Structure formats: structure tokens, C-alpha cells
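Please open the model in a viewer and keep the sequence panel at hand. The tour below proceeds from one selection to the next.

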Amino acid sequence: MIHLPLSSKDVLNGLSPKRTVELEQLYGNGDYLKILNLLGVAGPFTVHSPWELKDPKDVIRINAASFAASPFGEHYPPLIEFITEFLSQHKYMLLPQTALSEWRAALEANLIHLLASLAPSHRDSQIFFANSGTEAIEAAIKFVRAFKPKCKYLINFKRAYHGKTLGALSLTPNEEYQAPFRPLLNNIITLPFGDFQAFEDCLQKFGASNVAAVILEPIQGEAGVIIPPQSFLQSLGKLCQKHEILVVADEIQTGLGRSGYYFASIEWGGLEPDIITLAKPLGGGILPVSATIARKDIYKKMLGGLKCKSHSTTMGGNALGMAIGLKSLELIVENNLALRARQLEQTGLTYLQALQKNYPKLIAAVRGFGMLFALQFQPVIATKWLPGQADLIGELSGILAFRALHQGGIQANFSLNAMSTVRLTPALTMPDNLFFEMFNKLEQTVSSYQASRALFTKTPLPIILALAKAAL
Ligand SMILES: Cc1ncc(COP(=O)(O)O)c(C=O)c1O
């Protein structure tokens, strides 16, 4: 019999941080973890409270990370109690797809009810469940293809982030991520985000009847919280409706509360998308759960009648995921978390704007939308030291700023499509006192650096050298 080196009991009893690092570097995405570990930001962390993390040295930090996927924080008692009760009732562990599930049925009904209360034309829309966000996008692409097989073009926007599986990657226009994997889907037209004139011109140039769909994030998250002019979404929606072009709203990051709205594209943007993707908060920060919602006629074109198997994923719609989704949605709605995010937006932004005003040599720009906050840092070294390497300098600036925030007591996020930008995405349930403490810590950190050059000069040389080696 094979003897496995580590038992689950060993891990329950606690694996040492040193061993964890060793194993992760050996057998996981080692180089990524190596860089995080080298920067001293990789934990492993334990939960101090739903909103605070403890590192191996017992230092407690405010958790503003998790890439906007944690609506309630870690180990949030109301969710954990529900899951424990669910798991104690073994009868509910149903087969994912080949049996009815009351959990899935209830989540479907609640999601459509919520959506239709804001956009009545969605009252008979239907949902396809998967796991990650990128899978929800894959489903959306296939819905579009099945519904509009003769229209060859898809329109997306510069610096959009829709995921990294091949279909979704085709819609994520970032050379670093796309270049090694070409050929990707072709006939993708990428336009400047928020520029309605460019959109109109594009329909003229390529012919509106050749365009199958437009895909957009109402607010671009991974691009560093980029907010288009409010009229952009509505104008785009009207033009698409006129030309029968489908609109896919990727609400994976903005949806279900984070942006201050359940569906930012609808409530803030005045757009009625045909297809909507959701993920991150739907899994309550515990499991990957994603959803692609499509109008009935679009849904039926791909999954109607005998075609009902033409798209599937084994674990999509599984009982545990659906139960967590049901409870998460309930907690978000019953606690009015979208409204709370909207209310805290101005408080957070006021702090950030004051910081940017006081430390312009460190912070180039700040943005906020709901509980999505972004700080864009100035380059840490002048371009003359690394000519032609503006992107690398931007990345280094973001990494060193991320490290500085960590040292100052805040665990933040990188931005996958804007490397000089660090984002704060605290849980929507974060108590007021911790929310204020987070900004106080931020102010202390920022004031101890003052200018971006200090992020570089105050970083120990071995770290700079190791980063340089990793970059080369
Ligand atoms: C708007 C948006 N779409 C899609 C994705 C991809 O989701 P996942 O990382 O779960 O595949 C993300 C992830 O950050 C996102 O922000």
C-alpha cells in the first residue's frame, strides 16, 4: 500500500510555516509563491476575526484582499453555522446534474427574482451554473455563438479582465497573458473603454450586423477600478438593442453587492444586458460558484430540448455550492450589503483623495466604487534606469507598494491588469471601526514613505536583487 506523506490530521493539527513554504515551492506554483514569500507577504495566515488575518509571527493585519471574492470575511459565523447544519444532513449531498436539487432550484428562483425586480424583462431568464468566473465567461461566449452563429465579431474593451481559460483569455486583452497562448479566438475587436464615439465608429466600420455581442465589465476591476462615464453603458445598450447585438455584462467582480449594487450595469449604468455573469461573492468566499444568466430565447438556443447537454461541467450546480450560494445571496440581501458598500464608498474615497493630495509623489491616482478601492502608485524608479521597460517599472512599483501595505498592517490585492495599482477589497460586513482603522493604517504607511522612490530605497537589497532575477 502506498503511504501518503501527510495526513489530513497532520494538517488539522497544524503544519509548520517552514514546511508549508517548502512544499508549496516544490510542488505548487513555486515561483509565484517564492516571490510572495521573498517579499514576506505570503503567510501562511490564520483567521483572527472574519476581517483580520494572523501571520506566523502572530502579527494581525486587516484583510482587504481575496480579490473581491469574500463578501463576509473569513469564517463568518452565520455562513459557517449554516454550512455545518447543511453538512450534518447527509441526505442533501445530491448528484450535481443528473438529479433535481431543491438547493439549485431555490437559488435559481431567488437570483432571477432579484434580477427581475431590477430588470423586469429578465423575469423568465434562465441560469447555467459552473464553478469559476472564467467558466461563466466560457458559457457566455457559447451562448452568444449558438444564438448568433452568422455574426463573426465580438467586441471587448481595453484592459478588460474576463479570465484566463482560452475563450475568456481571448477577451482579456493583455499581451503578457495572451501572447504565449495564441492562436486564441479571432475576430475580437478591442475598443477604448468608456468611449461611445469609438463604439459607434466601430459598428460603422465593421457593420453592426456582423457583430454578435459586446462584453464588458460595468466597472473594470482588475484594470484598477476604472469607471466609465455613466452615460456610456446606457448609450451602448440602446445602440446594441437597435442593431440586435447581444450585451454580456460581466458582473463577476461588481455584482451582488461589491460595487454598491446587485447589478451595477443595470442599477448604475441603466443597461439591460442579455447575458450576465456572476461568480466571486456567490460562493461566499468559501467555494467557487459561478452563474451565467441568459434571456430565455438565448438560453434555449444552446440548451433547449435535445441540445440540453451541449454545455456542461461535472460539478456545476452541486448541492453544497448551491446551498452556499443560496445562503450567501440571502445574507447579502437581508443585511443590505450592497447599500452598505455604496454608503462606505464616499467615506473611503474621501480618505484616499486626501492621501493622494498630500502625497502626490507616491500616489498617482485613487479611485473607488462601492467597496472596490484603488491606489495607483508612481513609478519607483525613473525610466532612464530601465529604458523601454515602463511596464516592468509599473509592476515593481505595485509589488513594493503591496509589500509596504502588508508591513503597515493591511493585506491588499494586486491588480491583474494594472500592475502599479493596489486594490483594497474589504469584506462588505467589515465593522466600521476596522474600516476606519484600515484607512488609518494606510495613512501611517503612506506618510512613512512620502515618495515612491522611498518604496525602492527602503526595500532590502536582497529582495530587490531577487525580484530583478525573477523578472529576467
Ligand atoms: C470581471 C471578472 N471576470 C472574470 C474573472 C475571472 O474569474 P475567475 O478568476 O474566478 O476565473 C474575474 C476575476 O478576477 C473578474 O474580475
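Two residues are said to be in contact, or to touch, if their C-beta atoms, placed from the backbone, lie within 7 Å. The model on display is a predicted one.

**The whole chain**

Begin with the entire chain displayed as a cartoon. The chain holds 18 helices and 14 strands. Its C-alpha atoms fill a box of roughly 60 × 60 × 45 Å along the principal axes. For 472 residues, a compact globule would have a radius of gyration near 23 Å, and the chain, at 23 Å, agrees with this. Of the 472 residues, 45% count as buried. Among contacts with a separation of 6 or more, 72% come from residues 24 or more positions apart.

**The two domains**

Next, colour residues 45-75 together with 337-471 in one shade; the domain assignment makes these domain 1. Give residues 83-334, assigned to domain 2, another shade. The C-alpha centres of domain 1 and domain 2 are 28 Å apart.

Now select the boundary between them, where 27 residues of domain 1 are in contact with 24 residues of domain 2. On the domain 1 side, helix H14 (337-358), strand S11 (363-369), strand S12 (372-377) and strand S14 (421-424) each supply at least two residues. Which of these elements gives the most to the side of domain 1 that touches domain 2? Helix H14 does, with 5 residues. Classed by type, that side of domain 1 has 15 nonpolar, 8 polar and 4 charged residues.

**A helix pair**

Select residues 102-118, helix H5, and residues 319-334, helix H13. Two packed helices are described by the angle between their axes and the distance between the axes. Here the axes of H5 and H13 come within 8 Å and cross at roughly 35 degrees. The crossing of H5 past H13 is left-handed.

Show side chains to inspect the contact. On H5, it is made by Trp 103, Arg 104, Ala 106, Leu 107, Asn 110, Leu 111 and Leu 114. On H13, the partners are Ala 319, Met 322, Ala 323, Gly 325, Leu 326, Leu 329 and Val 333. The residues of this contact divide into 11 nonpolar, 2 polar and 1 charged.

**Backbone exceptions**

The following stops concern the backbone. Most residues other than glycine have a negative phi, and most peptide bonds are trans.

- Select Gly 43 and Pro 44: the peptide bond from Gly 43 to Pro 44 is cis, with omega near 5 degrees. Pro 44 belongs to the loop between helix H3 (30-38) and strand S1 (46-49).
- Select Arg 182 and Pro 183: a cis peptide bond joins them, and omega is about 10 degrees. Pro 183 is in the loop between helix H8 (175-178) and strand S6 (188-191).
- Select Arg 159: this residue is not a glycine, yet its phi is positive, at about 65 degrees. The loop between strand S5 (153-157) and helix H7 (166-170) contains Arg 159. Arg 159 counts as buried because it has 20 C-beta neighbours inside 10 Å.
- Select Val 225: its phi is also a positive value, near 60 degrees, in a residue other than glycine. Val 225 lies in the loop between strand S7 (211-216) and helix H10 (230-243). With 28 C-beta neighbours inside 10 Å, Val 225 counts as buried.

**Gly 133 and its surroundings**

Centre the view on Gly 133, which lies in helix H6 (residues 133-147). Is Gly 133 buried or exposed? Gly 133 counts as buried, because 30 C-beta neighbours lie inside 10 Å. Leaving aside residues up to four places away in sequence, Gly 133 touches Gly 163, Ile 252, Thr 277, Ala 279, Lys 280 and Ser 290. Add Asp 250 to the selection: Gly 133 and Asp 250 are 117 residues apart in sequence and 9.2 Å apart in space, C-alpha to C-alpha.

**Tyr 76**

Finish at Tyr 76, in the loop between strand S3 (60-63) and helix H4 (77-88). Tyr 76 is buried, with 23 other C-beta atoms within 10 Å. Which residues does Tyr 76 touch, not counting those up to four places away in sequence? Tyr 76 touches Pro 50 and Thr 429. Lastly, select Gly 285: its C-alpha atom and that of Tyr 76, 209 residues apart along the chain, are separated by 9.5 Å.

Definitions and conventions:
Residues are numbered from 1 along each chain as its sequence is written. This is a predicted model: local features need pLDDT of at least 70, side-chain atom pairs count only at pLDDT 80 or more; totals for chains, interfaces and linings use all residues. Domain bounds come from an automatic or database domain assignment. Helices (H or I, at least four residues) and strands (E, at least two) are DSSP runs, numbered from the N terminus. Ala, Val, Leu, Ile, Met, Phe, Trp, Tyr, Cys and Pro count as nonpolar, Asp, Glu, Lys and Arg as charged, and the others, Gly among them, as polar. Axes are lines fitted to C-alpha atoms, for helices over the stretch in contact, and angles run from 0 to 180 degrees between N-to-C directions. A crossing is left-handed if the near helix is turned anticlockwise from the far one by less than a right angle, and right-handed if clockwise. The radius of gyration is taken over C-alpha atoms; the globule rule is 2.2 Å times the number of residues to the power 0.38. A residue is buried if 20 or more other C-beta atoms lie within 10 Å of its own, exposed if 12 or fewer, and partly exposed in between; C-beta atoms are placed from the backbone.
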